[in-house]
Amino acid sequence: MTAIALRPYLPADADALADLFRASVEELASDDYSEAQRLAWSDAAADGEVFAKRLGESLTLVAMVEGEIAGFASLKGKDSLDMLYVLPEAARMGVATALAEALERLAGARGAPEVKADASETAAPFFEGRGYIAMSRNTILMGGEWLANTTMVKKLSGPGVPHNPPKALQ
Ligand SMILES: CC(C)(COP(=O)(O)OP(=O)(O)OC[C@H]1O[C@@H](n2cnc3c(N)ncnc32)[C@H](O)[C@@H]1OP(=O)(O)O)[C@@H](O)C(=O)NCCC(=O)NCCS
């Protein structure tokens with residue numbers, strides 16, 4: 001099993017996460033979005049300062065595998081999974097699972113009764129597997145391209161939901 005470590009985002013990670021974001025969209029989403037759509041999506045990282053600000057304003061966690069950054073995810077406010085991106089070389093190793101699990105715990109610790117995500121077509125089966133329910137289909141205009149996603153929600157209340165995130169991540 002792959003050992004995955006999580007740590008909080010640091011401003012010095014911004015460039016590496018922008019590169020990872022672009023690679024993740026370009027390769028992992030290629031079955032679900034056209035080249036033009038992926039380029040428009042990747043453009044969210046075109047301005048390094050804006051991208052770094054977005055990362056820093058949310059609670060962003062970085063996943064490390066063998067000392068290298070393998071993915072990242074961010075919780076916006078108390079209940080919104082804003083970003084979840086995995087390095088293509090580290091796909092299907094449980095990196096996104098580790099990140100989502102940690103952010104769901106943190107959302108619970110912030111008092112959120114549920115957590116939501118606007119899931120890409122690529123990520124929808126991942127979220128479904130974690131118990132998220134599709135609420136609405138959306139079409140978003142990005143850089144002149146229309147991209148489909150699905151707003152998905154997972155209830156956090158109920159037995160067995162952990163509300164005790166590691167202190168270092170609170
Ligand atoms: C979606 C994404 C985050 C998944 O990351 P990952 O680290 O590969 O996911 P995990 O290894 O934790 O997968 C856990 C389970 O989710 C499901 N899953 C993950 N990716 C899947 C895919 N592309 N298709 C179908 N099911 C998938 C599988 O059931 C998987 O378990 P398995 O590998 O034992 O079959 C990754 O593919 C990615 O970064 N995609 C591009 C960017 C993107 O769409 N981000 C989401 C924005 S909302």
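Which atom of L84 lies 2.8 Å from a nitrogen atom of the ligand? In this predicted model, the partner on the protein side is a backbone N or O atom of L84. The ligand is a suitable place to begin a reading of the structure.

L84 is one of the residues that come nearest to the ligand, together with R92, G94, T97 and S120, out of 20 residues around it. Two further contacts involve oxygen atoms of the ligand. A polar backbone atom of R92 is 2.8 Å from a ligand oxygen, and an N or O atom in the side chain of T97 is 2.5 Å from an oxygen atom of the ligand. On its own, the ligand has 910 Å² of accessible area, of which the protein covers 74%.

The space that the ligand takes is the largest pocket. Several elements give two or more residues to the shell around the ligand: the helices α1 (14–28), α4 (95–109) and α5 (124–129), and the strands β4 (80–86) and β5 (114–120). By residue class, the shell comprises 13 nonpolar, 5 polar and 2 charged residues.

R92 merits a second look, since its backbone also has a notable geometry. The residue lies in the loop between β4 and α4, two elements that each give two or more residues to the ligand shell. Although R92 is not a glycine, its phi is positive, at about 60 degrees. R92 counts as exposed because its relative accessible area of 87% is over the 50% cut-off. This value takes only the protein chains as cover, and the backbone contact of R92 with the ligand, at 2.8 Å, stands beside it.

A positive phi is also found at E66, again a residue that is not a glycine; here the angle is about 50 degrees. E66 belongs to the loop between β2 (59–65) and β3 (68–76). With a relative accessible area of 78%, E66 is exposed. Both E66 and R92 are thus found in loops that follow a strand.

Q37 presents the opposite case with respect to accessibility. The residue lies in helix α2, which spans residues 35–42. Is Q37 buried or exposed? Its relative accessibility is 16%, and Q37 is therefore classed as buried, the limit being under 20%. The side chain of Q37 has a polar partner in the backbone of another residue: one of its polar atoms lies 2.7 Å from the backbone oxygen of W146.

Terms used. Residues numbered from 1 in each chain as written. Predicted model: local features only at pLDDT ≥ 70, side-chain atom pairs only at ≥ 80, totals over all residues. Heavy atoms only, no water. Near = heavy atom within 4 Å. Polar contact = N/O pair within 3.5 Å; in protein donor to acceptor, adjacent residues only side chain to side chain. Areas by Shrake-Rupley, 256 points an atom, 1.4 Å probe, with all protein chains shown as cover. 1 Å grid on protein atoms, 1.4 Å probe; cavity = no way out; pocket = protein on both sides within 12 Å on 5 of 7 lines; lining within 4 Å. Sits in = over half its atoms within 2 Å of the grid points. Helix = DSSP H or I, 4+ residues; strand = E, 2+ residues; numbered from the N terminus. Nonpolar A, V, L, I, M, F, W, Y, C, P; charged D, E, K, R; others polar. Buried < 20%, exposed > 50% of the residue type's maximum accessible area, 1.4 Å probe, protein only.
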